[in-house]
Amino acid sequence: MPKTMFKIDLSKPMEEQLHPGHNRWHPDIPAAFSVDPGTSFRLECKDWTDGQIKNDDNPNDIRDVNLARVHVLSGPVYVNDVEPGDLLVVDILDIGAFQGDEWGFNGIFARENGGSFLVDEFPEATKSIWDFEGIYTTSRHVPGVKFAGIMHPGLIGVAPSMELLQKWNEREKALRDTDPDRVPELATTPNPEAAVLGTLKGAEFDRVAKEGARTVPPRENGGNCDIKNLSKGSRIYFPVFVKGAKLSVGDLHFSQGDGEITFCGGIEMAGWIDLKVDVIKGGMEKYKITENPVFKPGPVDPHYSDYLVFEGISVDERNGKQHYLDANLAYRRACLNAIEYLKTLGYTGEQAYMILGTAPVEGRINGIVDIPNACCTIAIPTQIFDKDILPKK
């Protein structure tokens, strides 16, 4: 077993940990520890909300969650002899839930607090709790469903350079300024409220809190990509922007459907992750991996082979407007079509939506060239249900 290099007490908020993690991206956040290339180690992680969500039937904690707090990350990890221009090679060796804490949650966020992919149809907060038994999970809030999860980190990334950080903040502010009053907002710009910045204090804390980028979106450093197949056995090649790379990880999921569409997506959990790091010197230029990470999926995947697949096209069902090759709209339509079908099986719209967000459903861009309609699909494994879900004569 790799040595635990970052330990978590689930009863304490992140800033009160033995070594606090962080919830902003900034090159000046101090490393929690350092390792040599070739080293394996374990990081313990809180859930992405820093323990704000409880194992109960009341969705008010989803409704009221403080999004300025997320995502709390474990790290940064300084990798010795790694410099800008290198590739940091990260192997995900294993992931698991804490013993005695084998549960997770999924939530549909309210419009006023982040919203979700289908916020117009589901503007109110809803929560489901999922219990783990080995590789399987079930929920008292979504009956008749049981599936094997693909545990993975929703968020893993390296620190940006100061130049890259400034680029992020400028471009995201420009987008937000196009509609500054939009609910939910177009982008989450720097906000010092509830910032956790490792061991920084005083004036340095205040400066970094004002400059640090939120961890909400994926970016050039990796970050919150929410890729369900980035599971154990995967290898990631990160472009390096600062000395030591400063690798961080968090937002662990027991399972997730492609797209993480409920926003509080997948089945969020606290737990641990075992990583191994190495370096390819000069790898960014050599392999032209300069903008975003590259990864090789691992061999672990639930063996579902029978699917019911729902299509969507880029026509807005709310007003009948034709859009040009809009994959976002086409995927939205596919999800809504699947939800309407699942409602005929006795599920509420919210339950159906959470099935798509938590189960290992497969999302695809199927057609992106045939003007004017993009075509996207969402495929639901039929074996996760305790009854036959196919249409009957």
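This section describes aromatic pairs, selected charged residues and one enclosed helix in a predicted model.

The structure holds 11 aromatic pairs. In one of them, the ring centres of Trp 48 and Phe 263 are 6.0 Å apart and the ring planes stand at 90°, so the arrangement is edge-to-face. This pair links distant parts of the chain, the two residues being 215 residues apart. Trp 48 is in the loop between β4 (40–45) and α1 (60–64), whereas Phe 263 belongs to strand β17 (residues 263–268). Trp 48 has a relative accessibility of 3% and therefore counts as buried. Phe 263, with a relative accessible area of 26%, is partly exposed, because the buried class ends under 20% and the exposed class begins over 50%. Ring pairs also bring in Phe 109, which forms a cluster with Trp 48 and Phe 263.

A stacked pair is formed by Phe 132 and Phe 254, with 4.0 Å from centre to centre and 10° between the planes. Phe 132 lies in strand β8 (residues 126–133) and Phe 254 in the loop between β16 (247–253) and β17, so the pair ties together parts of the chain that are 122 residues apart in sequence. Both rings belong to buried residues: the relative accessibility is 12% for Phe 132 and 2% for Phe 254.

Aromatic faces are also covered by charged side chains. Lys 146 lies over the face of Tyr 136, at 5.1 Å from the ring centre. Arg 219 is placed over the face of Trp 168, at 4.7 Å from the ring centre.

Arg 219 is also the nearest side chain of opposite charge to Asp 226, at a distance of 12 Å. Asp 226 is buried yet has no salt bridge, because a salt bridge would require a side-chain nitrogen of Lys or Arg within 4 Å of a carboxyl oxygen. The residue is found in the loop between β14 (222–223) and β15 (235–239). Its side chain makes a polar contact of 3.5 Å with the side chain of Asn 224. Beyond four places in sequence, Asp 226 touches Gly 154, Asp 251, His 253, Gln 256 and Glu 260.

A second charged residue, Arg 42, lies in strand β4. Arg 42 has a relative accessible area of 11% and is therefore buried. The side chains of Arg 42 and Asp 274 are joined by a polar contact of 2.6 Å. Residues up to four places away in sequence being left aside, Arg 42 touches Met 1, Pro 2, Lys 3, Thr 4, Met 5 and Phe 6, as well as Trp 272, Ile 273 and Asp 274. The C-alpha atoms of Arg 42 and Leu 275 are 6.3 Å apart, although the two residues are separated by 233 residues in sequence.

Helix α6 (residues 349–358) is largely enclosed by the rest of the structure, because nine of its 10 residues are buried. The buried residues are Gly 349, Gln 351, Ala 352, Tyr 353, Met 354, Ile 355, Leu 356, Gly 357 and Thr 358. The elements that cover them include the strands β7 (103–108), β8, β10 (147–148), β17 and β22 (375–381), together with helix α5 (327–343). Two of these covering strands, β8 and β17, also carry aromatic residues described above, Phe 132 in β8 and Phe 263 in β17.

Conventions. Residues numbered from 1 in each chain as written. Predicted model: local features only at pLDDT ≥ 70, side-chain atom pairs only at ≥ 80, totals over all residues. Heavy atoms only, no water. Helix = DSSP H or I, 4+ residues; strand = E, 2+ residues; numbered from the N terminus. Buried < 20%, exposed > 50% of the residue type's maximum accessible area, 1.4 Å probe, protein only. Lys, Arg positive; Asp, Glu negative; His and termini not counted. Polar contact = N/O pair within 3.5 Å; in protein donor to acceptor, adjacent residues only side chain to side chain. Contact = heavy atoms within 4.5 Å. Phe/Tyr/Trp six-rings, centres within 6.5 Å; stacked < 30°, edge-to-face > 60°. Lys NZ or Arg CZ within 6 Å of the ring centre and 35° of its normal.
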